[in-house]
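Q: I would like a close look at one part of this model, followed by what lies around it and elsewhere in the chain. Please keep to what can be read from the atoms.

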Amino acid sequence: MDSPVVPSGGVLTPLGVSSVRLNPGFWGSLPTETIIDHCYEWIGRVGWAANFTGAARRGREFSDSEVYKLMEGMAWVHDPRLDELTSVIAAAQQSDGYLNTKWGHARYSDLEWGHELYCYGHLIQAGVAQARASGGGELFELVKRAADHVCDVFMNNRGVCGHPEIEMALIELYRVTRAERYLEMARRFIDRRGTPALADIELGRAYFQDDVPVRKAEVFRGHAVRALYLAGAVVDLAVETGDRDLLDLVERQWERTVARRTHLTGGMGSRHNGESFGEDWELPPDRAYNETCAGVASFMLSHRLLLATGNRRYADQAERTFYNVIAAGPALDGRSFFYTNPLQVRVAGEVTSGVSPRADGGLRASWRAVSCCPTNLARTFAALPAYVATGTDAGLQIHHLTPARIEHDGFVVEVDTEMPWQGAATLRVLRAPDRLRVLSLRLPMWAGGGTAEWSRVWAAGEEVSVDLRMTPRWVEPDPRIDALRGCVAVERGPLVYCAESPGDQPPLTRITVDTSRAPEVVDEEIEVDAHLTSADDRPWPYGPRARTETEAVRLRLRPYYQWGNHGPATMRVWLPQG
Ligand SMILES: [Zn+2]
């Protein structure tokens with residue numbers, strides 16, 4: 001099965017990348033190949049591939065992982081450059097399996113910050129991708145030697161990595177090889193956390209989820225990508241060991257995190273400090289961090305929870321995150337990328353050339369000193385077909401509506417739709433076995449929720465259809481989210497909308513919106529009634545409410561994922577009511 005995650009148990013079974021063909025449409029037209037080419041070029045340009053050949057080392061301590069994530073993407077799409085990169089990294093592997101370009105002189109001397117095990121995690125996921133997409137190869141052999149080395153060194157000491165990631169990878173390698181030691185190694189890494197296993201640091205042990213044991217935690221906290229990768233591994237461990245209590249626990253952690261620590265876009269990570277989750281209800285739109293990689297990690301976690309439980313709610317969250325964080329990451333041309341994804345940008349960004357040293361800045365950058373996000377998008381988009389649908393003995397379950405041809409067990413269904421622009425979709429049976437098959441479709445929460453099911457002995461050519469309500473809607477925040485009180489946002493279908501400043505838009509800091517009239521669809525954009533307040537500053541911005549002159553205007557909103565593609569701009573999702 002050529003899918004990034006193939007659990008041994010659980011309610012739903014994933015389909016492989018090769019079982020789903022994405023046709024032209026939102027998912028199928030993402031610039032996947034361009035992103036892979038772009039990452040390949042930049043990894044060469046900044047010397048991160050040459051690090052493996054003994055050249056003077058360049059890049060941060062985790063730069064090896066960017067090469068591996070790119071290789072994982074290449075493995076899913078059968079890119080021939082995978083073999084070339086495999087030869088490059090193989091030259092740096094030592095005889096006992098050790099492989100890292102930064103720490104060879106001082107192995108495992110800095111588990112808090114060194115990222116050695118984290119890098120193995122991405123390496124192993126790339127090898128798993130090759131094994132599943134192509135039945136094995138040189139990379140997969142190299143990966144098993146590296147994983148065996150990790151087990152040899154870490155099985156009986158107390159070490160863990162400052163950045164969780166290897167846990168998910170080891171469990172997936174176990175799923176491919178059935179070698180128990182990989183599962184056991186992952187279990188020990190997970191159980192050691194919070195005992196504590198790492199030194200205390202300035203950001204506190206919660207930063208790397210070493211503050212309390214996984215089984216005692218109530219919510220995701222600390223560095224968002226770390227927390228979400230760890231949670232993904234905990235789901236995997238619970239499924240492989242049949243530990244229902246552990247699965248229930250991570251579901252409760254997820255529920256509280258989604259209910260209290262997640263932005264409207266699905267973005268996770270409220271704080272720039274430590275790239276971390278905030279406290280409950282701490283969700284400022286302008287200071288939101290929402291790393292693109294945290295969106296990828298959340299999408300991976302939601303998918304695992306969907307497979308484990310069959311609960312369509314997880315696919316709802318995956319959808320929100322996909323359209324409004326992951327899709328926002330790359331520019332429409334696939335050649336520049338956001339690292340942070342705030343819901344308000346007050347000052348238009350400055351165009352940078354070359355490698356940007358900053359995570360934020362209000363504009364996408366071609367490459368950054370920390371360029372984890374582009375390669376994470378590359379591997380996610382390359383494997384995207386595997387996220388669309390699942391199969392069981394009874395039939396086929398479609399979780400995300402996008403044009404596609406889906407095949408499972410002799411049952412072939414073609415999906416025709418213009419989502420997310422139109423709510424109509426037709427599911428056409430191209431081929432069906434001569435027995436009862438249940439075709440099911442998740443109906444998103446925004447369309448009323450639930451599942452549509454059609455159960456019958458199908459004939460080729462039969463079709464069923466749905467028409468989801470695509471009326472734009474006003475959305476209000478929970479009043480406990482202090483930073484958003486008095487504001488509204490607009491959604492349509494799975495898309496969150498935002499106001500962006502270029503063109504003839506009124507200044508976004510002086511806008512209030514009038515919610516008495518429904519938002520109106522104009523092409524791919526939305527228009528709402530608004531008031532423009534006078535620009536006069538008071539010498540002191542507090543005191544009795546000032547009376548201000550206002551002028552009625554129309555405000556245009558575009559899908560959030562599209563923002564920042566039209567030059568430097570200010571932007572906001574949440575609009576004050578007035
Ligand atoms: Zn990132």
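Which helices are included in what covers the buried residues of helix 9?

A: The model is a predicted one. What covers the buried residues of helix 9 includes helix 8 (224–241), helix 10 (292–309) and helix 11 (313–326).

Helix 9 itself runs over residues 244–260. Its 17 residues should span 24 Å at 1.5 Å a residue, and this agrees with the end C-alpha atoms, which are 24 Å apart. The residues that are buried in helix 9 are Leu 246, Leu 247, Leu 249, Val 250, Glu 251, Gln 253, Trp 254, Thr 257 and Val 258. The general geometry is relevant to reading such a list: an α-helix has 3.6 residues a turn, so residues three or four places apart point the same way.

Helix 10, one of the covering elements, has 18 residues, and 18 of the 18 are buried, so this helix is largely enclosed by the rest of the structure. The expected span of helix 10 is 26 Å at 1.5 Å a residue, and its end C-alpha atoms are 26 Å apart, which agrees. Just after helix 10, Gly 310 has a positive phi of about 75 degrees.

Next, the metal site. Glu 291 (OE), Cys 293 (SG), Cys 372 (SG) and Cys 373 (SG) coordinate the zinc ion at 2.1 to 2.3 Å. The angles among the 4 donor atoms are 93 to 120 degrees, and the site is tetrahedral. Along the sequence the donor residues follow the spacing E-x1-C-x78-C-C. Cys 372 has a relative accessible area of 8% and Cys 373 a relative accessibility of 1%; since buried means under 20%, both cysteines count as buried.

Aromatic side chains form a further set of contacts, with 23 aromatic pairs counted. In one of them, Phe 26 and Tyr 561 meet edge-to-face, 5.1 Å centre to centre and with 80 degrees between the planes. This pair links distant parts of the chain, 535 residues apart: Phe 26 is in the loop between strand 2 (20–22) and helix 1 (32–45), and Tyr 561 is in the loop between strand 20 (550–559) and strand 21 (571–572). Phe 26 and Tyr 561 are buried. Another edge-to-face pair is that of Tyr 98 and Tyr 108, at 5.6 Å centre to centre and 80 degrees between the planes. Both tyrosines lie in the loop between helix 3 (81–90) and helix 4 (116–134), so the pair ties together parts that are 10 residues apart in sequence. Tyr 98 is buried at 0% relative accessible area, and Tyr 108 counts as buried at 15%. Ring pairs also join Phe 26, Trp 27, Phe 299, Phe 322, Tyr 323, Tyr 387 and Tyr 561 into a cluster.

Tyr 98 and Tyr 108 are also among the contacts of His 149, together with Asp 96, Gly 97, Arg 107 and Tyr 120, once neighbours within four places in sequence are left aside. His 149 belongs to helix 5 (residues 138–154) and is buried, with a relative accessible area of 3%. Its C-alpha atom is separated by 34 Å from that of Val 11, 138 residues apart along the chain.

Two arginines sit over rings. The charged end of Arg 178 is over the ring of Tyr 174, 4.7 Å from its centre, and the charged end of Arg 456 is over the ring of Trp 458, 4.4 Å from its centre.

Definitions and conventions
Residues are numbered from 1 along each chain as its sequence is written. This is a predicted model: local features need pLDDT of at least 70, side-chain atom pairs count only at pLDDT 80 or more; totals for chains, interfaces and linings use all residues. Side-chain values use heavy atoms; hydrogens and water are left out. Donors are N, O and S atoms within 2.8 Å of the metal (3.2 Å for Na, K and Ca); water is not among the atoms, so sites may look incomplete. Four donors count as tetrahedral if all angles lie between 85 and 135 degrees; four count as square planar and six as octahedral if opposite donors are over 155 degrees apart and all others between 65 and 115; anything else is irregular. Buried means under 20% relative accessible area, exposed over 50%, partly exposed in between (1.4 Å probe, protein chains only). Rings of Phe, Tyr and Trp (its six-membered ring) pair if their centres lie within 6.5 Å; planes under 30 degrees apart count as stacked, over 60 as edge-to-face and the rest as tilted. Helices (H or I, at least four residues) and strands (E, at least two) are DSSP runs, numbered from the N terminus. A charge sits over a ring if NZ of Lys or CZ of Arg is within 6 Å of the ring centre and within 35 degrees of the ring normal. The expected span of a helix is 1.5 Å times one less than its number of residues. Contact means heavy atoms within 4.5 Å.
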